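User: I've got this model open on my screen and I'd like a close look at one part of it. Could you walk me through the helix in chain A that you find worth a visit, and put it in context with what surrounds it?

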Amino acid sequence: MLTLALILIPLLATAIIFFGVSVNARKIALGAAVLNIAVAIAAIFTSGFSDFTLNVLSKPNINLALDIHQNGGISVVLLLLSVIVTLAAVLSGTCPKGREKLWYCSALLISAGAIGAFISTDLFFFFAFHELALIPTFLMIGILGRGDRKEVAWKVTVYLAFGSIVLLAGLLMIANQLGSFDMTQLTALSHHQNEIALLLIIGFGTLVSLFPFHSWAAPAYASAPAPVSMLHAGVLKKFGLYGLIVVGYKVVPDGMAHWLPLLLVLLLCNIIWVGLVTINQKRLDLMLGNSSVMHMGYIFLAIAALVDNGSSFATQAAVLLMFAHGISIAMSFCLADRIENKTGSLELNQLGGLAKNAPSLAFLFGLVGMASIGLPGLANFAGEIMVFFSGFEGWKPADDLGPVQIATIIAIWGVVISAVYMLRAFRNIFQGETVSRTEKVKPLSGDDKLPAIILGVILLIVGIYPQSILQFFN
Amino acid sequence: MLLWLLFILPLASAALIHFVLKQNNAGLATKLGTLFTFGTLVLAILWVFNVFSIPASWSWIHFGDFKVNIGFVDDQLAKGMMIVVTGIGFLVHVFSLAYMEDDDAKARYFGNLSLFMFSMTGIVLAENFIMMFIFWELVGLSSYLLIGHWYKKDTAAEAAKKAFLSNRIGDFGFLIGILMTWILAGSVVFSEMNGAEFIAHGECLAGAAVLLVFCGAIGKSAQLPLHVWLPDAMEGPTPVSALIHAATMVAAGVYMMARFFGGIGDAALQQIPATEVIAWIGGITSLVAALMATQQNDIKKILAYSTLSQLGYMVMAVGLLDPNAGMFHLYTHAWFKALLFLGSGAVIYACHHEQDIWKMGGLRKKMPITAFTFIVGTLALTAVPFTSGFYSKEGILHAAENHPLYWVALGVAFLTTFYMFRLIFVAFLGEAKDDHAKHATEVESRMFGPLIILAIMAFASPFLTKLIPGTEAPDIHFVMNTTTILSISAFAAGFALAFLLYKGKKEDPVSIPLFRNKFYIDEFYAGIVKWFQDLLAAVVHFLDEFIINGMLVGGLTRLAQGTGNIFRKYAQSGNLQHYALISGVGILLAIYFTVFK
């Protein structure tokens, strides 16, 4: 039952906020987020409560089936990511007056959908929970977004709906061949592996902003209110990568191997092409959004290594990096929102010297910036170094370097690219003399700092002791 | 366990200063940092005398075939290096107590110094390549933070960024080299590397791996072509330049190569001709940097180019497969170059932050202790017989015998003497050329104390054989042979030329714009960044926006918009319903297929 509670708590809280009269939406959302962390920890560390099954439809056989301990610990790690980022997201941003219901309901719904998708053991609900989480994402961008919010919302909707439909076609073909929606029974398909693998790569890929289906992501994150950017970039986007590992690699391993050259080219475009696009950004939020797209390339690289040589640690490398990236990008958007709140701008050339008046903001942003460019001691490095090693694991020196090794080498250039844009941003925003927008800024309040500190501490813990996450894998 | 304490103490100090004491307790913070560093020095000395044994390692990552330990080496190479790091680290802390007294962010300064001490300790103790890479990056961070200490100054902020990025470019190669070594040598642990396996797949692959690993050293030790960050790094406080950008961190590249070569073994290395490339890069760096140094006017810049040049010597020795000679020079150089940098710090402090040597002069009389110790450092750097620099430079010249680089090394010896005595004649002798220099007074004991200790080390260090890093003790007997005679002649020629050109001069009689402008390499790189990277980024951004976003996806959007318009006719409401509708389509389709199929 604990597993069901993980979804019911945010859904119930949503209902109370939505239908309740004169309730304090923030407090309820906060309570639900904290409670969910407690339940998640209880469910992870106690056995016996971990699965739940409810038959929804008997023909075809569709169950609301949940199990957090499936997939050798992958779901546990993504569940932890979800509940942590949910708490930080509820604590972040400034809700416009009178919009509390929409604001907090959306955050909780996205959270419920993401958690549901990560712990479902039924293909139908795996897909449906993700769709559920997308709807509030669109609404929040469309109603409370910044800039051309309608246009951005429309674009995101089109992209993600396109990805979802392609994905759905792939999933239905899988269910059709296997005769079941049960994810615990997934095995390699005997027919049409190549076709299905392509559908999955494009479908899941679009949801993770795989090149060339990436250009929705940066404008969406720049426009969305902070909690939505944090939850989508940090948590929900990992759905596509999760799907490729726990569904794609299981049912169409040969199909994915068939498309490996294509996948390698696309992921390198994510890293190098989008990396260059990121360098050229003039606004912090667009830069962060693009950097998030870029970093997806590394996780795809781990998947490629897995497909290529069945690497003994590529899956774990991918999930560790997913966790690290989720925490770090959420923290980045949380702080970018504070920068805009304090200075009224995110244009890099309008800022400067902010470290003088807001030293803790500079420290926290520096911390997360260093994490995202892979500084050792912070979580992302542990994931990245494992990814790079997994890329070389299959190399037999008697042969020439294989395509995955060459891709790994090119991908490592990304560590230079990300340092270029991140240090440039830090330099422009925090260093130098103060400018008109930054000279009267007040330091961060405790409430401002809290979500970033929660996320920053986790980056440090996982970075210093990666086994804290790796222990969940078996 | 004491080795763990040696490893953890600086981290504890950094954490306490940054998170507990902060600027409000700056006085305590500075004392704490200095005290903890002294603690590490004591522990390092105990380690040298084998008072404690090596503790068990700690498993950092262990999954599948990927295992990384945080574990320690226990050999003379590490012990000697540790003495250099903690010894100079402690003296620099003491010097900083006075030098940074009035800085309004000295807690941050001392916290970052502690962070550096921690990172550097990690490099020295690392038993495997990944651990070394971890701390390699962390010294990069502490260097970035300390160069940018005065972050409000644009030049300091830019210099910090440049240092970090140059190192990142080197680390790109370094990381690939580590990956190749992992497969070729069968391990990333230095003591478990298999040299025979390493070269079993041809000298080409092995050579590529060695050179890629060396890329890390090119960045960290500022060798050509990534040397440009080091002179700019002089924007940091001068004690930082002494510790990080002269004595320890920049020498980490040499230490890393010595450790790596130790792991691969001589037998294998001799079959890899690519090591010749390392020797030439070192040799060319030492020559080019020495030429640049002859035309600099900023006292710290002269020393910075001198550091580049001396690092080139060390790298050259490593490339000639004599890492012990390189490490011996690293060791002697660390003491006398720290002496010179701290001496320049004392001068800058006394002259109210004037760094131009042409505005100094006559400091010998105003600051006798500083001037005397500075001259001692100069004698060691220019390898006057019986100074420490003499013995270690002999070692390098011997390593280069029968090699064309021998003549390069001798040429550099001549240039070194020339530019150092140019500095001495202009800044310390003659008449004061500026009011600041006229009113300069000797610095206080917390500053000249370290200078005196370092000056003693500039003579004594080769004889403290237990402290010298390396696998075998260097030969420190004075024997008159051809190399000695040539080396002394180079000194004499350099000194004579500096005397003739610069004695009593008020302005520079020589002008070589090519050297003064650093061979225009910095401008060349700025051009590359501007015209290649930034332009490429702009072009890619344009393509991304207008082709991928505009056409490919725009088509999709229009298609969907068309469909949306059909729905709109029936729904008659704004866009919002469409968002929900379109995303709900997925669910509807799923239900349709599952129920009606």
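Analyst: Let's start with the wider setting and then zoom in. Keep in mind that this is a predicted model. Chain B contains 25 helices and 2 strands. Its radius of gyration comes to 28 Å, close to the 25 Å that the globule rule gives for 597 residues, so chain B is as compact as a globular protein of that length. Put a box around the C-alpha atoms of chain B along the principal axes and you get roughly 100 × 60 × 50 Å. Of the 597 residues in chain B, 58% are buried. Take the contacts in chain B between residues at least 6 apart in sequence, and 81% of them join residues at least 24 apart.

Now for where the two chains meet. Chain A puts 68 residues into the contact, and chain B puts in 57. On the chain B side, β1 (58-63), α5 (129-147), α6 (154-184), α24 (521-571) and α25 (575-596) each supply at least two residues. The largest share of that side is from α6(B), with 14 residues. By type, the chain B side splits into 39 nonpolar, 11 polar and 7 charged residues.

On to the part you asked for: helix α20 of chain A, residues 446-464. This helix has 19 residues and runs 26 Å from its first C-alpha to its last, close to the 27 Å expected at 1.5 Å a residue. There's a bend of about 30 degrees in α20(A), and you'll find it at A:Ala452. A:Ala452 is also one of the buried residues of the helix, along with A:Asp448, A:Lys449, A:Pro451, A:Leu455, A:Gly456, A:Ile458, A:Leu459, A:Val462 and A:Gly463. So what sits over them? The cover includes α3 (74-91), α14 (314-343), α16 (359-372), α17 (379-393) and α21 (467-470), which belong to chain A.

A good residue to click on next is A:Ile327. Leaving out neighbours within four places in sequence, A:Ile327 is in contact with A:Leu455, A:Ile458 and A:Leu459, and also with A:Leu81, A:Ile84, A:Val85, A:Gly234 and A:Ala379. The first three of those are on the buried list for α20(A). A:Ile327 also shows up in the largest nonpolar core, which has 442 residues; A:Ile327, A:Ala302, A:Ala318 and B:Ala338 are the ones with the most contacts inside it.

One of the covering helices, α16(A), deserves a stop too. Its 14 residues reach 20 Å from first C-alpha to last, close to the 20 Å expected at 1.5 Å a residue. Of those 14 residues, 11 are buried, so α16(A) is largely enclosed by the rest of the structure. Among the buried ones are A:Leu361, A:Phe365, A:Val368 and A:Met370. Just past the end of α16(A), A:Gly374 takes a positive phi of about 80 degrees.

For one more spot in chain A, try A:Ile201, in helix α7 (193-207). A:Ile201 has 26 other C-beta atoms within 10 Å, so it counts as buried. Setting aside residues up to four places away in sequence, A:Ile201 touches A:Trp259 and A:Leu263. Its C-alpha is 8.4 Å from that of A:Leu167, which is 34 residues away along the chain.

How values were computed. Residues are numbered from 1 along each chain as its sequence is written. Chains are lettered from A and ligands numbered from 1 in the order in which they are written. This is a predicted model: local features need pLDDT of at least 70, side-chain atom pairs count only at pLDDT 80 or more; totals for chains, interfaces and linings use all residues. Helices (H or I, at least four residues) and strands (E, at least two) are DSSP runs, numbered from the N terminus. A residue is buried if 20 or more other C-beta atoms lie within 10 Å of its own, exposed if 12 or fewer, and partly exposed in between; C-beta atoms are placed from the backbone. Two residues are in contact if their C-beta atoms, placed from the backbone, lie within 7 Å. Ala, Val, Leu, Ile, Met, Phe, Trp, Tyr, Cys and Pro count as nonpolar, Asp, Glu, Lys and Arg as charged, and the others, Gly among them, as polar. The expected span of a helix is 1.5 Å times one less than its number of residues. The bend at a residue is the angle between axes fitted to the seven residues ending there and the seven starting there. The radius of gyration is taken over C-alpha atoms; the globule rule is 2.2 Å times the number of residues to the power 0.38. A nonpolar core is a set of buried Ala, Val, Leu, Ile, Met, Phe, Trp, Tyr and Cys residues joined through C-beta atoms within 7 Å.
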